[in-house]
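Here are some short exercises to work through with a model on your screen. Try each task yourself before you read its solution.

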Amino acid sequence: MNNENKFKTHYFSGAGDPNEYFKNHHHWESFQDDKKYEYENYTHDYGYGNLEYTNTLYSLDGSKYVVVEEVFTKEMFQKYAPYCQCIKCQASWWEFSKKSMCACCVGCLKYGDRESADVIAKTREYMRSKGIEY
Ligand SMILES: [Zn+2]
Ligand SMILES: [Zn+2]
């Protein structure tokens, strides 16, 4: 069986530099077909304490990468939601096109379903700057 199909989530992105694209993820690496990966959620310390993660397969510029995504519980989403720094929440009232973006697609933490490493990192930065525990 093809190991690629064992990943629960696959993302296809256009072009980009993986160092830039995955910079807010706690770990990523080039996909190797003969390597055994974790296909279920798991707990690991990638330098941020023991957190729950899931491995996701990304295609970027025709290359494949295994990228770890933090798994958020309902409680974590609720805690972070009021401070969400996604593009939709941060849009000004006149930026209608941003305001009307799909919450799940922008990784809005208020939507509470899809974790976006970029939004999580920005939101934590904001919370830290306000002295809010996270
Ligand atoms: Zn959506
Ligand atoms: Zn949001």
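The exercises below go from the whole chain to its domains and then to two single residues.

A note before you start: this is a predicted model, in which local features need pLDDT of at least 70 and side-chain atom pairs count only at pLDDT 80 or more, while totals for chains, interfaces and linings use all residues. Residues are numbered from 1 along each chain as its sequence is written, and chains are lettered from A and ligands numbered from 1 in the order in which they are written.

**Exercise 1. Judge the confidence of the model.**

Step 1: Start with the average. pLDDT is the predictor's confidence in each residue, from 0 to 100; the chain averages 93, and 99% of the residues score at least 70.

Step 2: Go through the elements, where helices (H or I, at least four residues) and strands (E, at least two) are DSSP runs numbered from the N terminus. The lowest mean pLDDT among them, 83, belongs to strand β1 (residues 10-13), and the highest, 98, to strand β3 (residues 42-45).

**Exercise 2. Describe the fold in outline.**

Step 1: List the elements. There are four helices and five strands, in the order β-α-β-β-β-β-α-α-α along the sequence.

Step 2: Find the domains, whose bounds come from an automatic or database domain assignment. Domain 1 covers 4-70 and domain 2 covers 74-129.

Step 3: Relate the two. Their centres, taken over C-alpha atoms, are 21 Å apart. Four residues of domain 1 are in contact with five residues of domain 2, a contact being two C-beta atoms, placed from the backbone, within 7 Å.

**Exercise 3. Place Gln 85 and decide how exposed it is.**

Step 1: Locate the residue. Gln 85 sits in the loop between α2 (74-80) and α3 (96-99).

Step 2: Count neighbours. With 20 or more other C-beta atoms within 10 Å of its own, a residue is buried; with 12 or fewer, exposed; in between, partly exposed (C-beta atoms are placed from the backbone). Gln 85 has 19 such atoms within 10 Å, so it is partly exposed.

Step 3: Name the partners. Leaving out residues up to four places away in sequence, Gln 85 touches Gln 90, Val 119, Lys 122, Thr 123 and Tyr 126.

**Exercise 4. Do likewise for Asp 61.**

Step 1: Asp 61 lies in the loop between β4 (50-60) and β5 (63-70).

Step 2: Asp 61 is exposed because 12 other C-beta atoms lie within 10 Å.

Step 3: Check the backbone. Phi of Asp 61 is near 55°, a positive value in a residue other than glycine.
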